[in-house]
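The following exercises concern helix packing and buried loop residues. Please work through each task before reading its solution.

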Amino acid sequence: MRFIAAICLLLVTLFASVPLKAEVVNFYAWGGSPEVNSYLRWAQKELQEQGIQFRHNKVADASEVVKQIIDGHSNADIIWINGENFHALKEAGALRSIAGEIKAMNNINPELNWQTDFGEPVDGLEVPWGVGQFNLISRPGLFDHKTVTAESLLNAARENKGHISYPKPPEFHGTTLLKSLLLSLHPQQRSVFQQSVSSVNANELTEPLWRYLDKLHPLLWQQGENFPSSAGEQISYLANGQLMMAVSFNPNDYKTLVNQGRLPAGVERHTLSNKAITNNHYLAVPTSSNNSEAAKTVIEFLLSEKAQQRKADTNRWGDPSVLKSAQGSSLLEPTDDFHASWQEYLEREWSVRYQ
């Protein structure tokens, strides 16, 4: 009997020492930011304690993952998206309705306009994860005011020839700069850009933009013959003095990048036009997910107070929180992003003229 008891005790000890197999959750998200990647490595360790193997599948272009999901060739359990990519997945019926099943949604900031994404109703198919606001980061003294108009940007380019530029569309920061210029050139027609491009006279609305760019481009870095490939590259040029201005979709970047030693102290944040184009970025679960329940557990964690506070820390990522506790944070005055149909239109028309 003692021998049998000893064997049973040994077996119990052995099984207790064998960890349960972790549930795998494949998260597809942009991999081009060291701060985002570091944050997700932290989340990975936190979720490991909950028995979840959280895999960050690094993405260069989310549209490629979207195509794979729609074609049925993806193992994604969660995808980080907004805008055109959300539209494509919604139209294909490729997303689960999850917002009503996420308890953390009760803590979302009620002032956050998350129910539409680039003019498309969210309908519970994605949940907000963070806030993006388009802004300019400049060397001190480049601009006289916190608000930069199309005209003041042109003047700065004249006075600092070869030291101003913007990311090349279709890189989304570059396309958003075009949108912000349109808002500055049409200050009384802001609502027209919330409509589908096919329902308005887009050629007439954009003609002042192309005339403006024809004047601006010869004054730019490399005479507008070449452009930075990304906002990250432009930040590097700002840091080393090649450029005097960069663009960002994170309203805290001007602090975060200084804290990280990637930009010199004293850089300034500006809006292009009198309000910052603002949108939310979201988390969504494809209908093809093999582990949707664990995916929702991950989303609950990413929307928790602990995870959102760490994400908003300007010594780390600095991405604004979406929670009620973040009300009163130092966001810029917002204006809604354009209807998603403007994205392709602007990128196509820009390419025809300036490629």
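**Exercise 1: Two loop residues**

Not counting residues up to four places away in sequence, asparagine 250 touches Gln133, Asn135, Trp317, Gly318, Asp319 and Pro320, where contact means heavy atoms within 4.5 Å. The model is predicted, so that local features need pLDDT of at least 70 and side-chain atom pairs count only at pLDDT 80 or more, while totals for chains, interfaces and linings use all residues. Residues are numbered from 1 along each chain as its sequence is written, and side-chain values use heavy atoms, with hydrogens and water left out.

Task: Determine where asparagine 250 lies and whether asparagine 250 is buried or exposed.

Solution. Step 1: asparagine 250 is placed in the loop between strand S9 (245–248) and helix H9 (253–259); helices (H or I, at least four residues) and strands (E, at least two) are DSSP runs, numbered from the N terminus. Step 2: the relative accessible area of asparagine 250 is 8%, so the residue is buried (under 20% relative accessible area).

Task: Describe the surroundings of aspartate 319, including the polar contact of its side chain.

Solution. Step 1: aspartate 319 belongs to the loop between helix H11 (305–312) and strand S12 (334–336). Step 2: with a relative accessible area of 4%, aspartate 319 is buried. Step 3: leaving aside neighbours within four places in sequence, the contacts of aspartate 319 are Trp129, Gly130, Val131, Asn250, His281, Lys311 and Ala312. Step 4: the side chains of aspartate 319 and lysine 311 make a polar contact (2.6 Å).

**Exercise 2: H2 and H11**

Task: Classify the packing of H2 and H11.

Solution. Step 1: the axes of helix H2 (residues 34–48) and H11 come within 11 Å and cross at roughly 160 degrees. Step 2: the two helices are therefore roughly antiparallel (angles over 145 degrees). Step 3: Tyr39, Trp42 and Glu46 of H2 meet Lys306, Ala307, Gln308, Arg310 and Lys311 of H11. Step 4: the contact of H2 with H11 has three nonpolar, one polar and four charged residues.

**Exercise 3: H7 and H12**

Task: State the angle and axis distance for H7 and H12, and list the residues that make the contact.

Solution. Step 1: helix H7 (residues 202–216) packs against helix H12 (residues 341–354) at about 45 degrees, with axes 12 Å apart. Step 2: the contact involves Ala202, Asn203, Leu205, Thr206, Leu209, Trp210, Leu213 and Asp214 of H7, and Trp342, Tyr345, Leu346, Glu349, Trp350, Arg353 and Tyr354 of H12. Step 3: these residues divide into ten nonpolar, two polar and three charged.

Note on methods
Axes are lines fitted to C-alpha atoms, for helices over the stretch in contact, and angles run from 0 to 180 degrees between N-to-C directions. Ala, Val, Leu, Ile, Met, Phe, Trp, Tyr, Cys and Pro count as nonpolar, Asp, Glu, Lys and Arg as charged, and the others, Gly among them, as polar. Buried means under 20% relative accessible area, exposed over 50%, partly exposed in between (1.4 Å probe, protein chains only). A polar contact is a pair of N or O atoms within 3.5 Å; within protein, one must be able to donate a hydrogen and the other to accept it, and residues adjacent in sequence count only if both atoms are side-chain atoms. Angles under 35 degrees count as roughly parallel, over 145 as roughly antiparallel, 65 to 115 as roughly perpendicular and the rest as oblique.
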